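Reader: I am new to this structure and would like a close look at one part of it, with its surroundings explained in order. Please keep the account plain.
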Amino acid sequence: MAEQRPTDILQALLDGEDPESKAKMTATQVVAENIAIIVASTDIVAQTLTWTLSYLMLYPEAYRRATDEVRRAFPNHHKAISYAQAKAKLQFTEACVYETMRIRAATGVFLPRVVPKGGATFQGHFLPEGTELGVNVAGANHHQTTWTSPRRFMPERFIDNENLKQNIFSFSLGARVCPGKNLALIEILPTIANLLKNYDFTLPPSALFTPDKLDEHGNPTVMPRSHRFTSVGPTYPDRDCQIICQKRQGTDDTPRKQPSSQRSRHDVDLPPRANELRQRSLFGIRGFRSRY
Ligand code: HEM
């Protein structure tokens, strides 16, 4: 008989046991794992999407190039762009996602580690066992030996340079590398591609951070960000994450009402004015305000 599979991740965590000791996880461990999954899988992806749009607004040339690429490859009437389609045709747009993950990794500052029994020697320095260490994600992503003009948003650095993507440290490396790395890319790239296909984005006149407001290095000033352990979001999202999002004419992503026989309990009707409102909405992109 086929093995019974758990109905969801929570059940899998409750049922799971150590292969040798057969011990199950404690309630605290199950809660901790669930928090890790929720934070890792939703918050960080939402932040990466937010920062990608934010950088595209600060670098209009990159925004134009990505938008042109998407709209040339997928005309107005094209239905939702899938990951496979985006991956095959949108090299520059994908490069924008990678460059965002490099320049503004949504993974906090340090990935904590404890030196194992017996200590370890790292680059000639002995580290006693039990020492708590942190790997600096932003430091690795901005290191001048690896990255030219590291403070500048330059998606083109990844074009025809697949190997460079391996140097992005945002998903970590080694035994604890993010297990959701591929899923994250599958979520982020088509979401950005479909947004660029179906909507025009601009900054509102009241925006505080604009392409012409330069910092001491001559790059557009980026909105202030919080420094949390896990996820790094803007400090003032309600104030700084304002983008005008205008639905393009002729795009066809309006959900159609299905015959009731085909509707599932998850299908909902949009309010009658939703499309109209969507066309002139001025919204703050949310999703990154961690409350834990
Ligand atoms: C842009 C998106 C993402 C980034 C930048 C990211 C990055 C990271 C990083 C840096 C770690 C810590 C690794 C370490 O300690 O060395 C991590 C762990 C983790 N990530 Fe992601 N992640 C992303 C999306 C996702 C998604 C979509 C999922 C699942 C659906 C996921 C699931 C996890 C889990 C479960 C862990 C804990 C792994 C462990 O305890 O060993 N992540 N992630």
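Where does α2 bend, and by about what angle?

Author: α2 bends at Val39, by about 25°, where the bend is the angle between axes fitted to the seven residues ending at a residue and the seven starting there. The model is predicted, so local features need pLDDT of at least 70 and side-chain atom pairs pLDDT 80 or more, while totals for chains, interfaces and linings use all residues. Residues are numbered from 1 along each chain as its sequence is written.

α2 covers residues 27–58. Its 32 residues should span 46 Å at 1.5 Å a residue, and its end C-alpha atoms are 45 Å apart, which agrees. The expected span is 1.5 Å times one less than the number of residues. The chain as a whole comes to 10 helices and seven strands; these are DSSP runs, H or I of at least four residues for helices and E of at least two for strands, numbered from the N terminus.

α2 also matters for the account of the ligand. The ligand is surrounded by 19 residues, and the closest are Ala40, Ser41, Ser172, Cys178 and Gly180; a residue is near when its C-beta atom, placed from the backbone, lies within 6 Å. Two or more residues of this shell come from each of α2 and α8. α2 gives the most, with seven residues. By class the shell has 12 nonpolar, six polar and one charged residues, with Ala, Val, Leu, Ile, Met, Phe, Trp, Tyr, Cys and Pro as nonpolar, Asp, Glu, Lys and Arg as charged, and the others, Gly among them, as polar.

Two of the closest residues to the ligand, Ser172 and Cys178, can be taken together. Ser172 lies in the loop between α7 and α8, and Cys178 has its place in the loop between α7 (162–165) and α8. Cys178 is partly exposed because it has 16 other C-beta atoms within 10 Å, and Ser172 is partly exposed because it has 16 other C-beta atoms within 10 Å. The cut-offs are 20 or more such atoms for buried, 12 or fewer for exposed, and partly exposed in between, with C-beta atoms placed from the backbone. Not counting residues up to four places away in sequence, Cys178 touches Phe171 and Ser172; contact is taken as C-beta atoms, placed from the backbone, within 7 Å. An unreviewed UniProt entry places the feature "binding site" at Cys178; such annotations may be inferred rather than shown by experiment. Ser172 has a positive phi of about 70° although it is not a glycine. Most residues other than glycine have a negative phi.

Past this loop comes α8, residues 181–198. Its 18 residues reach 26 Å from first C-alpha to last, close to the 26 Å expected at 1.5 Å a residue. Its buried residues include Ala184, Leu185, Pro190, Thr191, Ala193, Asn194 and Lys197. What covers the buried residues of α8 includes α2, together with α3 (60–73), α4 (83–89), α5 (91–103), β5 (199–202) and β6 (242–247).

Another residue that touches α8 is Ile81, which sits in the loop between α3 and α4. Ile81 counts as buried because it has 24 C-beta neighbours inside 10 Å. Leaving aside neighbours within four places in sequence, its contacts include Pro190, Ala193, Asn194 and Lys197, as well as Phe74 and Ala86. Ile81 and Thr191 are 110 residues apart in sequence, and their C-alpha atoms are 8.4 Å apart in space. Across the chain, of the contacts with a separation of 6 or more, 71% join residues 24 or more positions apart. Of its 292 residues, 24% count as buried.

Definitions and conventions:
Contact = placed C-beta atoms within 7 Å.
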